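Q: Could you give me a close look at a single part of this model, starting from one residue and working outward? I would like to follow how the pieces connect, so please take your time.

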Amino acid sequence: SYYILKYILDCHIVTYRCEGTVVFDTRYSVEVFAGYDRYDSNLVDGELFWGANMAKAIGKELFEQGKIKSLNRIHVVGYPPLEGFLNKTSSYSLPPLPKNIKDRLNKMRSDNIILFVTGFHFADYKSKDILNARDMIDERGSSLDFELNTALQGAANARDTRRAWVEMIELVAQQNPDIDIIVKIHPVEAEIFDLHGESAYKALTLNHNIWLISECIEIGNLINQCSLLVHYGSTTAADACLQGIPTLFAYCKDVIAKRTKYCYNTRSVFPSLLEAEIKDVPGLIKSHKQNPVQYRRTPEMITALDEMYNIKENEQYTPSIYFVKTLLNIVTKPALKVNSDNPFLNNSVEVKQYVSAAIRQLVFKSIAYFNEGKIDKSIEFEDLAHTLEKCSGKTSLQLHIHRANRLANCGQFQESVNCISDLNIKMSNNELTDVEPDDINALQRALQSIESIKKNRCK
């Protein structure tokens, strides 16, 4: 759909890569972050990265794969969510915690809190999830079956690591009944558990001194309340570093010994003050309780902040400003052109789901302009969507409901009602491209909306 949109709108396309903490010490780590999508160098006008490490490794790979015109289109802009920790005047600040969580935290002493984070959602992946992710294996490659089986073994490794993580936390709780343990479940894991109706961490709730938090809240608000963060190689280590909280990196030696490319690291990508095999963590926590680990920012941390997040020691950190300036610099130059004979464009037009996705984006833009009162621009994008609709051979429900709503707001009520009636017939004939389960009542709601608009205009 990106090729279709770029061709029709003659627009710039810029990517901003969400990186995490990554070690580029294997061919696989480079390939997976460069991506397995197939496209040419006329699509992406600029690639934005958090830090120089990722930009160098992935930028080089993208250029060699012919996915970007030149390395001059690679830009390092930093990571705005960290801005608030370093720049007190920044508009980036931690959102407030929900009252129930804040009230419970207020009853605890920060020096008595150990925070564990999770992030083992790969453990729940099945074959279809790996294929649907579209960024883990090359589904069009010659060794698909082998790659899929290797990925499934990686999912099994993640389950083993998560099981060891749970056992470790339980042991810490049992050996230290007077400390407060908070376990923050990764948002993706929490979403999977909600979907399946069962949590892999439910056994932890049986311990009186373990508090499981699955709500989607800003992790920084928990990190600044604890005395030690225990992680598995997460970006939370950088958050803790910037807030002056010591960290302990824990790894699972038994899983790493299996030597598959889908396993957690033997070392923390972002340096931690403490590193230990999972079985040794309970002892380290006991030692921390008796003689608390004191935070210090090591030279390795300073280097990592620079290379991974573009944070320079003793320099103001304003990635949000630099991000905008970089975007403006990109869009002030002519956009790369996609010609009508581009094979990727022609392939996209032949895939109806790509056309439907492009139509949806155009409709959303048309609606946004309409809500801003920019009727001419709204109609322009509506017409572009209608042109694409003809390519798909089917009718877009979203497009014509929006059109009916626009006509009603312009006082053309009969035309609006006719539009809905036509949609009703096409829905009965299965001629619509983008019908969702909830859309069965969409036409009835649209008619009610038209009637409401009509009554308001007649007052």
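A: Happy to! Let's start at L328, which sits in helix α14, the stretch spanning residues 319–331. This is a predicted model, so please read everything below in that light. On the surface, L328 joins V324 and V331 in a nonpolar patch, and the three together offer about 250 Å² of accessible area. The numbering puts V324 and V331 within the span of α14 as well.

From there, let's turn to a pocket. The second largest pocket has a volume of about 260 Å³. Which helix gives the most to its lining? That is α8, with five residues. Helices α6 (127–133) and α8 (187–196) each supply at least two lining residues. Reading the lining against those spans, K128, D129 and N132 fall in α6, while V188, E191, I192, L195 and H196 fall in α8. The lining also includes D124, Y125 and K126. By class, the lining has five charged, four nonpolar and two polar residues.

Charged side chains lead us on to the salt bridges, of which the structure holds 19. One of them pairs R109 with D111, at 3.0 Å from N to O. R109 is exposed because its relative accessible area of 53% is over the 50% cut-off. D111 also has a relative accessible area of 53%, so D111 counts as exposed too.

Another bridge links K202 and E198, with 2.4 Å between N and O. Are these two partners exposed or partly exposed? K202, at 49% relative accessibility, is partly exposed because that value lies between the 20% and 50% cut-offs. E198 is likewise partly exposed, at 47%.

K374 and E372 form a further salt bridge, at 3.4 Å from N to O. With a relative accessibility of 42%, K374 is partly exposed. Beyond these pairs, salt bridges that share partners tie D124, R162 and E189 into one network.

That network brings us back to the pocket. D124 belongs to the network and is also among the residues lining the second largest pocket. E189, another member of the network, falls by number within the span of α8, the helix that gives the most to that lining. If you have the model open, D124 is a handy place to look, since the salt-bridge network and the pocket lining both include this residue.

Key
Residues numbered from 1 in each chain as written. Predicted model: local features only at pLDDT ≥ 70, side-chain atom pairs only at ≥ 80, totals over all residues. Heavy atoms only, no water. Patch = residues over 30% accessible without salt bridge, like charges linked within 9 Å, V, L, I, M, F, W, Y side chains within 5 Å. Areas by Shrake-Rupley, 256 points an atom, 1.4 Å probe, with all protein chains shown as cover. Salt bridge = Lys/Arg side-chain N within 4 Å of Asp/Glu carboxyl O. Helix = DSSP H or I, 4+ residues; strand = E, 2+ residues; numbered from the N terminus. 1 Å grid on protein atoms, 1.4 Å probe; cavity = no way out; pocket = protein on both sides within 12 Å on 5 of 7 lines; lining within 4 Å. Points joined across faces, edges and corners; volume = space filled by probe spheres on them. Nonpolar A, V, L, I, M, F, W, Y, C, P; charged D, E, K, R; others polar. Buried < 20%, exposed > 50% of the residue type's maximum accessible area, 1.4 Å probe, protein only.
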